[in-house]
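Please open the structure in the viewer and keep the selection tool at hand. The tour below proceeds stop by stop, naming what to select and what is found there.

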Amino acid sequence: MTGWHLDDGTLRRYVGRTDSLAEGTSVEQHLLSCEQCRARVNPAVDVIDLAAVWARTRDAVEVPRPSVFERLLRVAGLPAHEARLVAVASAFRGVWLVGVAAVLAFAALAAAVGHARGLWFFLAVAPLAPCLVVAFSYDRRMDPALEPEMVTPYPALRLILLRTIAVLALALPAVLLLGLVVPGDAPFAWLLPAIGFVAVVLAASTWVSPLNAAMAVSAAWLTTVWLVATRSASPAAVLQARIQVAFLVLAAASFGIFLARRRHLRQLRPWR
Amino acid sequence: MDSRPGDETLLLAVAGRDMGAFRTLYERHAGWLAIRLARRCNDRDLVADAVQDTFIAVWQRPQGFRGDGDVAAWLWGIAIRRLVSRMRTRGSVAAVFEKGGAAPAAEDQVLLSVEYGDIGQALARLSPEMRAVIQAVVLDGLTAREAAQLLHVPVSSVKTRLYRAKARLRAVLAEGSS
């Protein structure tokens, strides 16, 4: 602090840009080291709306840093706002995935130990995992963030498909990896049923909430597996090509229905 | 001096995620940064963006200030580079060239003789393009590449103009002292 300060005329010329380069430069050099003169410049600012810029700055720093998953989505080429929409699904907050992974790990372990019963358990649980995660990822009861999303004029179909793809991209490798522990072809047999169930949930979500749809699908599948198992058929029955094709048809048909009825997605909003 | 916290103290608080300290820092510095940036770029939206980017950068890396020199100078170094990078992504905005003419008034002469002596007149006799380069490279401390992006001219032009401007200044100053 030199005790030397800018006079009012110089400051006025500087702010109004009516000074010469040399004078402006000397003002700028002085401002760098003089807190008092800086404080005198600040009230004169009319070039930008300082309050608005502050609001934007505060909003920007208060938003949590994008999660690893969101950054991955961006790397994959998704625009930032879509990456955020896809990633805010509660499924990616870890809790659900951990739960799903734990169930699958348990099932795979049981199957790996070699009991036929364990293998049945794996076949009962594994195909349901993706459709449950999809349902959780956009059911409003699970995700308060969804409400404003659905209200904004954002194509709901695109959001749901993006999320579904994201869920599958996350869930499939995890489940496949676990499946490697399970003996035989079973690890891969669940893949088509899983995709079929996801499609059914998507199609059913044009009538009922995705979570209810997923519950219904789960109940139906578990009952089916239980019925087949109690008739002491070997687990290999589920692996038959015929049944796999049936699941493929189911997936294609459901997806067709989902696309045909996509306008009804807007009715999802008043879920209770 | 009063007991208000210094800028270094505020930066430490910002590193501890103190939003109040961040706000104080913004209120102290955003204004003069905006004015100084606006002297280098005519587009006010870009200036606003650059100020915002600057403070976001401060929030993310307050430890970037190593305690040497003034916090204000450190902030300016960030701000001018944020402006350059904003202008690079926009591409179509013309940087401000200092207006020529306007012979300095009497009190300016006093100010200049205090801080710069004859350099003021020497600068005034340069062409606007040369002054812009001197301002960007010598006074703002940008690299030739950054100055080229700010002024929207090739790097080679920045280098030749800088070379000629320095030669010009040297000649004018030598002439004045003889």
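Begin by selecting B:Ala34; apart from its neighbours within four places in sequence, this residue is in contact with A:Val45, A:Val47, A:Ile48, B:Val47 and B:Val51. Please bear in mind throughout that the model is predicted.

**The largest nonpolar core**

Keep B:Ala34 selected and add B:Leu37, B:Val47, B:Val51 and B:Ala79: within the largest nonpolar core, which has 62 residues, these five touch the most other members. Next, select helix H2 of chain B, residues 19-38, which gives the most to this core, with eleven residues. A second, separate core has 41 residues; to find it, select A:Phe121, A:Val125, A:Ala166 and A:Ala213, which are among its members.

**The contact between the chains**

Now display both chains. How many residues does each chain bring to the contact? Chain A supplies 28 residues and chain B supplies 38 residues. On the side of chain A that touches chain B, select helices H1 (8-16), H2 (21-33), H3 (35-41) and H4 (50-62) of chain A, the elements that each give two or more residues. The largest share of this side, ten residues, belongs to H2(A). Coloured by class, the side of chain A that touches chain B shows 14 nonpolar, nine polar and five charged residues.

**A pair of helices in chain A**

Proceed to helix H13 of chain A, residues 191-204, and helix H14 of chain A, residues 210-230. Their axes lie 8 Å apart, and the two helices pack at an angle of about 140°. H13(A) and H14(A) are therefore oblique to each other, and their crossing is right-handed.

Which residues meet where these helices pack? From H13(A), select A:Phe197, A:Val200, A:Val201 and A:Ala204; from H14(A), select A:Pro210, A:Ala213, A:Ala214, A:Val217 and A:Trp221, which they meet. The contact of H13(A) with H14(A) comprises nine nonpolar residues, with no polar and no charged ones. A:Ala213, one of the residues in this contact, was also named above as part of the second core.

**A residue in helix H8 of chain B**

For the last stop, select B:Leu150, which is found in helix H8 of chain B, residues 144-151. Is B:Leu150 buried or exposed? B:Leu150 is buried, because 26 other C-beta atoms lie within 10 Å, and 20 or more are required for a residue to count as buried. Finally, add B:Val84 to the selection: B:Leu150 and B:Val84 are 66 residues apart in sequence, yet their C-alpha atoms are 5.3 Å apart in space.

Terms used:
Residues are numbered from 1 along each chain as its sequence is written. Chains are lettered from A and ligands numbered from 1 in the order in which they are written. This is a predicted model: local features need pLDDT of at least 70, side-chain atom pairs count only at pLDDT 80 or more; totals for chains, interfaces and linings use all residues. Two residues are in contact if their C-beta atoms, placed from the backbone, lie within 7 Å. Helices (H or I, at least four residues) and strands (E, at least two) are DSSP runs, numbered from the N terminus. Ala, Val, Leu, Ile, Met, Phe, Trp, Tyr, Cys and Pro count as nonpolar, Asp, Glu, Lys and Arg as charged, and the others, Gly among them, as polar. Axes are lines fitted to C-alpha atoms, for helices over the stretch in contact, and angles run from 0 to 180 degrees between N-to-C directions. Angles under 35 degrees count as roughly parallel, over 145 as roughly antiparallel, 65 to 115 as roughly perpendicular and the rest as oblique. A crossing is left-handed if the near helix is turned anticlockwise from the far one by less than a right angle, and right-handed if clockwise. A residue is buried if 20 or more other C-beta atoms lie within 10 Å of its own, exposed if 12 or fewer, and partly exposed in between; C-beta atoms are placed from the backbone. A nonpolar core is a set of buried Ala, Val, Leu, Ile, Met, Phe, Trp, Tyr and Cys residues joined through C-beta atoms within 7 Å.
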